[in-house]
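Trainee: Could we go through this structure together? I would like to take it one topic at a time.

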Amino acid sequence: MLKHRRTALERVDKFVSATYFTDCNLRGRLYGDSCAPASLSCFQTPRRIPYSEAVVQEFRPVGVGDSFGPTWETCWFRVELSIPPAWAGREVHFVWESDGEGMVWRDAQPVQGLTVEGEKTSYILTSSLKETEPHSLTLYVELACNGLFGAGKGSMIAPPDPDKRFTLSKAELVIFNRDVYELLMDLEILLDMAKLLGEENQRSFQALYAANQIVNVCDVKDPATFPAARDLAAAIFSQRNGESQHTIHAMGHCHIDSAWLWPYEETVRKCARSWVTVIRLMERNPELTFVCSQAQQFEWVRSWYPGLYTQIQDYVAKGQFIPVGGTWVEMVRSMDGNLPSGESMVRQFLQGQRFFQEQFGQMCSEFWLPDTFGYSAQLPQLMCGCGIRRFLTQKLSWNLVNSFPNHTFFWEGIDGSQVLTHFPPGDSYGMHGRVEEMLKTVKNNKDKGRVNHSTVLFGFGDGGGGPTQKMLDRMKRMSDTDGLPRVQISTPARLFSVLEKESSQLCTWVGELFLELHNGTYTTQAQIKKGNRECERILHDVEVLSTLAVAQGGTFQYPASQLQHLWRLLLLNQFHDVLPGSCIQLVVTDALQYYAEIRRTGTQLQEEALQSLCGELLQLRSGSAESTLVLNTLPWERTEVISRTGPAGTEALALVTAPSMGYAIVREPLLPPQPVRVIKQEDGSVSMENGVIAVCLDTMGRLTSLRLAHSERESVADGCRANQFALFDDVPLYWDAWDVMDYHLETRKPVTTLLKPLEITMAGGLRGSASFSLQIGESSTLTQEIILDATCPYIRFSTQVDWKESHKFLKVEFPVQVRSANATYEIQFGHLQRPTHWNTSWDWARFEVWAHKWMDLSEHGFGVAVLNDSKYGASAHRNVLSLSLLRAPKSPDATADIGHHQFTYAVMPHQGSFQDAGVIQCAYNLNFPLHAVPASSAQCPAWSAFSLSSPAVVLETVKQASLLSRRREVEGAILELLLFSVLWFLPSSGVAGRIGHVAAVTPLFQLSRDHFGLAEAEDRPGAVVVRLYEAHGSTVVTWLQTSLPVKEAMLCDLLERPAAKGHLPLEQQGMRLSFTPFQVISILLVLRQ
Ligand SMILES: [Zn+2]
């Protein structure tokens, strides 16, 4: 070995180069002889069709070099192969290189995914060709005309190019020289050690000298020289580390976005292509583990690729294919845990865990969200309530401003629940098992000294097919080699168990994990956001009404299977590229169709439940209604102005009172204590007052004054106008639909072009209103009706926008006369504070944040809240509350948000704290309108199903218990499991199409029936689950009263499993419940027959 480091390094480099000296170097020997297919033909279709349908079509001859398309088409290739007899004893690969994503089919089964980007271009036909093997065979290649990341025109996230062509550049049989490959892998690792460990490190030189010696020893034309060369490498790799070395737990992974730059339907095939590839790899590498999230994707593969699914189940049983996450889909991205409601999040876990239990006999113990745009401070409690105390993610490494201070830590939610959290320190969920990544993982780890273990997730995502043989072979060489971290193929359970053991020194992060990026996704694709909020409400109401209808007795059947179907559609759309709006137009179309289906079927289910619940009251004796049935699905009494059909068939307003979660017949409406007064002044301004609040509006609909009636305390800041629209330039750095940058705030332009000045539209009495129109930007228009109802403590802004902008951001601002360092925002089952100042980088990085139904700015004794019915983006800087209304990004959907929008927000000044003033209840009221139905004149006292003694507690959910929770009838864990699998297949569970399984378990079922008297358990109507949460942030005791015939009540977890010692005594006042701040409590109620 001579002394020149650089020449030695480059010499080895050239010996393995794929570009230089391949005529004489080792790389040039990787493949031996090749031979073209005997014949190649193709059938093309715009549809994604099954194999059986494809292969009977007419195929036309094609050749290598031909191109296909356009985008989203599918080409089926028939490939006839004939392996030369002379290749006996050799490893033979079928090599396919093309644009697009391919799947090899053999004997009517999918066998291998193909993608150049994911380094999957070979299907191994045999590792040693035997004389007896058939030398002729037919394969099919199903080629999707889209890339790994769709078909963006010019850049990845640009809208898809509809006319892309996809070229087949190679299709051949080839001999693969495994011994050359192994030596190449040795040299790659040695070379990387030499380069990356650096000149100060003697290991670097040891690796370099070994590599140089290998080149000396190895004669590329004589494989007999290879073993000696490999021994030189093995001598280095087998020099062990000391005891203190860091251990990396490597796990195969393939994050697949359920829809993003391609439609949902393509994801089904992406999953199959990737997972079949993983199975092939597992056959050859029994140590390989692969972690896989999203129950929805398993469900797709189960129903579209049953053969493959059976193989997956086998590898799940072996512990290699590891389901993780426990949710239906990985929820929203910058929000994956931001936008879905608390109940939606619970259902993500309920549907997900239930699926994993049913399909694989195990629930997940880790929550898994590698790619999500921020994490709600409510998530730790929801995880714990679903049996999950471990959490893995990494997206916070994308923070634009601040570097998150930990990789392994305890994350504490708003209620105090803690989960052990790990971010892979390599800041990626798609690594390749390289030396560089392992060194980065150790170096980057912010918890050095606290924990000595971390993880690496390796594999190509999004259809890239996950891990490769190369990745595994790299890491094998790094399993325990002095100078490199120990790399073990591991599992989430092993990783977290060892982290738990080492956890005594870990830091704790309290509150949300806010992603300082992608904050535009709170607003982008307003119709999807609106669909989500509305459908969450519809499913809530269907469940309440159906549960009450069942509890009443009679023949009404709880629509369990329809509800499961609708919930799954809603949950699917909460995927982290759909609800955030960062998807292509094709996906938006699908998502809006799903919402339409939920609205349509949900409305029908509501009507059916209502008919059953109060059918007699609704029967009309004549054609016109004499009175109105008013129904309230919220857990407090409400007095509101509604619109109802009067005796003459005309619509009229009425002030009515509806009991807490119940109904009343209204014949004579109430008289308001004070009618709404609306007065137009000479200058065109309008004032409105209802005895609760008083407002003055200028001709542009802006609030010049907002007061509580009988109070001089002004809400609008001096010299300012509230309800001021503002338009901002909105040009991010790259991620168009995702990002709004801090500098957009410097481009603020108030909207002041009046199209139609303020006019009174309703003169007062029960309702006063006034309307106006503005021009926004160059060609968009906004019309707003400002509405004040009798007795209502907030003023509503019903808004219509025709939006035709490009890269603009519309907000509405409320400068208020309130001084506070913090504003409050509603999140799932609670709220949190964020600063109104920009003191530190952590403060100003949150210039655009998310909230659910309300936000509030309060000082001691007084405050102002802004409520909304479908918006999520918000901010509060100093004394200005802003609600983000509409954006106009052009990528990946060039048509995003262009068109008509309707939404409502409201402003509510209040005395005292927002808790005491009922802001939370008002925000619910705005989102859950009373149901008003024409009724007969029958006499009927008001009926309330549930009520609570404390306003701090919200009864959020009333639903029928899922069958899972009925397991409590059975004593004994084993029978519990058996029973569970049986119950799941009962027709009443609504899961059709699994009849085959029923036969297999029937004998067991009968055994358990006979021994445990289960006939009774399953024949009676389901138990009821109610879910409540403490909303004020207080420790409180409340009584839950119900008029349902409750026989037994017990606490349960979020998966509806009864808690040990969770029995709740039934007392005269109801059930006594004690809450700590933001605690979520679920109760199972068993009803009397
Ligand atoms: Zn993703």
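**Strands, a pocket and two helices**

Mentor: Certainly. Strands β15 (residues 366–369) and β16 (residues 390–393) run parallel and are joined by four bridges. Please keep in mind that this is a predicted model.

Trainee: Which residue in β16 is the bridge partner of glutamate 366?

Mentor: Glutamate 366 has arginine 390 as its bridge partner there.

Trainee: And what do β15, helix α10 and β16 make?

Mentor: With helix α10 (residues 379–385), the two strands form a β-α-β unit, and that unit is right-handed.

Trainee: Which way do the side chains of β15 point, and are they buried or exposed?

Mentor: Glu366 and Trp368 point one way, Phe367 and Leu369 point the other way, and all of them are buried. In a regular strand, side chains alternate between the two faces of the sheet.

Trainee: How do the side chains alternate along β45?

Mentor: In β45 (residues 931–935), His931, Val933 and Ala935 point to one face and are buried, whereas Ala932 and Pro934 point to the other face and are not buried. This strand pairs with β22 (residues 627–632) in the antiparallel sense, over five bridges. Within that pairing, alanine 935 is the bridge partner of serine 627.

Trainee: Changing topic: what volume does the second largest pocket have?

Mentor: Its volume is about 1200 Å³. The pocket is lined by 40 residues, and those closest to its centre are Tyr31, Glu119, Phe176, Tyr181 and Lys470.

Trainee: Which element gives the most to that lining?

Mentor: Helix α3 does, with eight residues. The elements that each supply at least two lining residues include β9 (122–126), α3 (178–196), α6 (264–284) and α12 (469–477).

Trainee: How many of the lining residues are nonpolar, polar and charged?

Mentor: The lining has 15 nonpolar, eleven polar and 14 charged residues.

Trainee: What about α15: how far does it reach from its first C-alpha to its last?

Mentor: Helix α15 (residues 560–573) has 14 residues and reaches 20 Å, close to the 20 Å expected at 1.5 Å a residue. The helix is mostly covered, with ten of its 14 residues buried. Among them are Leu563, Trp567, Arg568 and Asn573.

Trainee: One last residue: why does glutamine 297 count as buried?

Mentor: Glutamine 297 counts as buried because its relative accessibility is 2%, and the cut-off for buried is under 20%. This residue lies in helix α7 (residues 295–304). Its C-alpha atom is separated by 33 Å from that of lysine 501, which is 204 residues apart from glutamine 297 along the chain.

Note on methods
Residues are numbered from 1 along each chain as its sequence is written. This is a predicted model: local features need pLDDT of at least 70, side-chain atom pairs count only at pLDDT 80 or more; totals for chains, interfaces and linings use all residues. Side-chain values use heavy atoms; hydrogens and water are left out. On a 1 Å grid over the protein atoms alone, a cavity is a set of points where a 1.4 Å probe fits but cannot get out, and a pocket is an open set with protein on both sides within 12 Å along at least five of seven lines; lining residues have an atom within 4 Å of a point. Grid points are joined across faces, edges and corners, and a volume is the space filled by probe spheres set on the points. Ala, Val, Leu, Ile, Met, Phe, Trp, Tyr, Cys and Pro count as nonpolar, Asp, Glu, Lys and Arg as charged, and the others, Gly among them, as polar. Buried means under 20% relative accessible area, exposed over 50%, partly exposed in between (1.4 Å probe, protein chains only). Two strands pair if DSSP finds at least two bridges between them. A crossover is right-handed if, with the strands pointing away from the viewer, the path from the first strand over the helix to the second runs clockwise. The expected span of a helix is 1.5 Å times one less than its number of residues.
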